[in-house]
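Q: I am new to this structure. Please pick a single part, look at it closely, and then say how it connects to the rest.

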Amino acid sequence: MHTQEHTVRRTVARVQNKLHLGPDAQVDDKSMWFTPQVPALTDPFLALADDLFSMPGFEWHPHRGLETVTLVLDGVLEHGDSIGNAGTLAAGDVQWMTAGRGIIHRELAFRNERAHVLQLWVNLPAEKKMVDTRYQDLLAANRPVVDRDGARIDIVSGTAGGLTGPALTHWPISGSVITLEPGRRLDHVLPGRDRAFFTVLSGAVTIAGHSVAAGQTAWSDPVPDTDLSVIGLRTADGDTPSVIMTFSGPPIRQPVALGGPMVMNTRAEIHQAFLDFQTGKFGAIPRQARLQYR
């Protein structure tokens with residue numbers, strides 16, 4: 001919320017449009033805010049998917065070598081995994097899952113009704129890819145919120161406005177959801193070493209002088225040799241607030257090998273990941289019943 005005299009002002013490197021893909025075998029509608037086509041441009045982030053589903057949703061599937069951060073936008077998400085976690089998450093809740101050395105999980109619409117989620121894939125450095133699996137529920141009601149001057153910062157991870165989000169992270173990731181009332185300005189402070197993205201979920205905002213509308217993501221690259229940096233967000237006059245999801249983290253700067261739900265550094269490691277999954281080293285595929293109606 002405040003700037004310091006020596007704080008460096010950030011710029012926007014590029015603005016990209018959400019790619020609408022439509023329905024597929026798992027979802028009623030799918031879009032990609034960004035994809036891992038050129039991982040060096042989005043490092044340490046890999047992809048941001050936007051999924052609306054009733055059934056079937058995402059049945060049991062494996063992951064290794066990354067973390068998934070899932071924000072429920074609407075409806076109720078039912079989840080379960082091979083380390084025994086199961087439950088539901090409602091609108092505003094976040095699930096932070098460390099796949100690490102290997103996990104099997106599923107994400108379904110509770111009662112097959114409707115769920116609308118954003119899922120961010122966060123890369124892990126080579127030395128952390130095989131860490132123990134970990135699951136975190138970051139419920140909306142339990143997260144700290146900075147609320148002043150027409151700006152609301154709902155903090156998932158990292159620090160903003162003197163408050164720190166609840167997520168435990170293996171790589172220093174900062175993330176929050178910002179709601180800006182019309183005709184407001186916010187100087188959002190970030191570590192200078194971070195690459196940041198700002199995904200506009202609704203409304204429109206001017207970010208470091210660039211107009212960014214709903215359905216667009218603005219990227220800001222690291223500012224070398226500075227501890228703290230600031231980026232200016234501004235909304236025009238109007239009737240409705242603008243909502244922006246922003247995450248940032250220092251680039252990992254390592255090779256990225258992608259194999260569907262596995263993210264490693266080499267093709268050989270991808271091959272090994274699938275072999276380990278197929279030979280039961282991720283554990284057995286759970287035989288977990290669907291959650292019962294309450």
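**One residue and its surroundings**

A: In this predicted model, F197 touches F34, F45, L48, L120, T217, A218, W219, M245, T246 and F247, leaving out residues up to four places away in sequence. The mean pLDDT of the chain is 95, and 98% of its residues reach 70 or more. Residues 1–5 fall below 50 in pLDDT, though this stretch has eleven contacts in the model beyond near neighbours in sequence.

F197 can be placed first within its core. The largest nonpolar core has 22 residues, and F197 is listed with F45, L120 and F247 as having the most contacts inside it. Six strands each supply at least two residues of this core: β4 (29–34), β5 (45–53), β7 (66–81), β9 (94–98), β11 (115–123) and β24. Of these, β11 gives the most, with three residues. In soluble globular proteins, nonpolar side chains tend to be buried together.

Next come the rings. The ring centres of F197 and W219 are 5.3 Å apart and their planes meet at 50°, so the pair is tilted. This pair links distant parts of the chain, since F197 belongs to strand β19 (residues 195–202) and W219 to strand β22 (residues 216–220), 22 residues apart. Both F197 and W219 are buried. Ring pairs also join F197 and W219 with F34, F45, W96 and F247 into a cluster. The count of aromatic pairs comes to eight. One of them is formed by F53 and F58, edge-to-face, with 5.4 Å between centres and 85° between planes. F53 has a relative accessible area of 0% and is therefore buried; F58, at 12% relative accessibility, also counts as buried.

T246, one of the residues that F197 touches, deserves a separate look. T246 is found in strand β24 (residues 242–249). At 2% relative accessibility, T246 counts as buried, because buried means under 20%. A polar atom of the T246 side chain lies 2.9 Å from the backbone oxygen of F197. Outside its neighbours within four places in sequence, T246 is in contact with S174, G175, S176, I178, H188, F197 and F198. As for G175, its C-alpha is 5.7 Å from that of T246 in space, while the two are 71 residues apart in sequence.

Now for the other core and the strands around it. Apart from the core of F197 lies another core, of 20 residues, among them I155, A160, V205 and I207. I207 stands opposite L233 in β23. Strand β20 (residues 204–207) is joined by two bridges to strand β23 (residues 228–234), and the two run antiparallel. Strand β20 also runs antiparallel to strand β21 (residues 210–213), with four bridges between them. T206 has S211 in β21 as its bridge partner. The hairpin of β20 and β21 has two residues between the strands, and there A208 takes a positive phi near 50°.

To return to the starting point: F197 is buried, has a ring paired with that of W219, and offers its backbone oxygen at 2.9 Å to the side chain of T246.

Key
Residues numbered from 1 in each chain as written. Predicted model: local features only at pLDDT ≥ 70, side-chain atom pairs only at ≥ 80, totals over all residues. Heavy atoms only, no water. Buried < 20%, exposed > 50% of the residue type's maximum accessible area, 1.4 Å probe, protein only. Contact = heavy atoms within 4.5 Å. Polar contact = N/O pair within 3.5 Å; in protein donor to acceptor, adjacent residues only side chain to side chain. Pairing = 2+ DSSP bridges. Core = buried A, V, L, I, M, F, W, Y, C linked by side-chain atoms within 4.5 Å. Phe/Tyr/Trp six-rings, centres within 6.5 Å; stacked < 30°, edge-to-face > 60°. pLDDT = per-residue confidence, 0-100.
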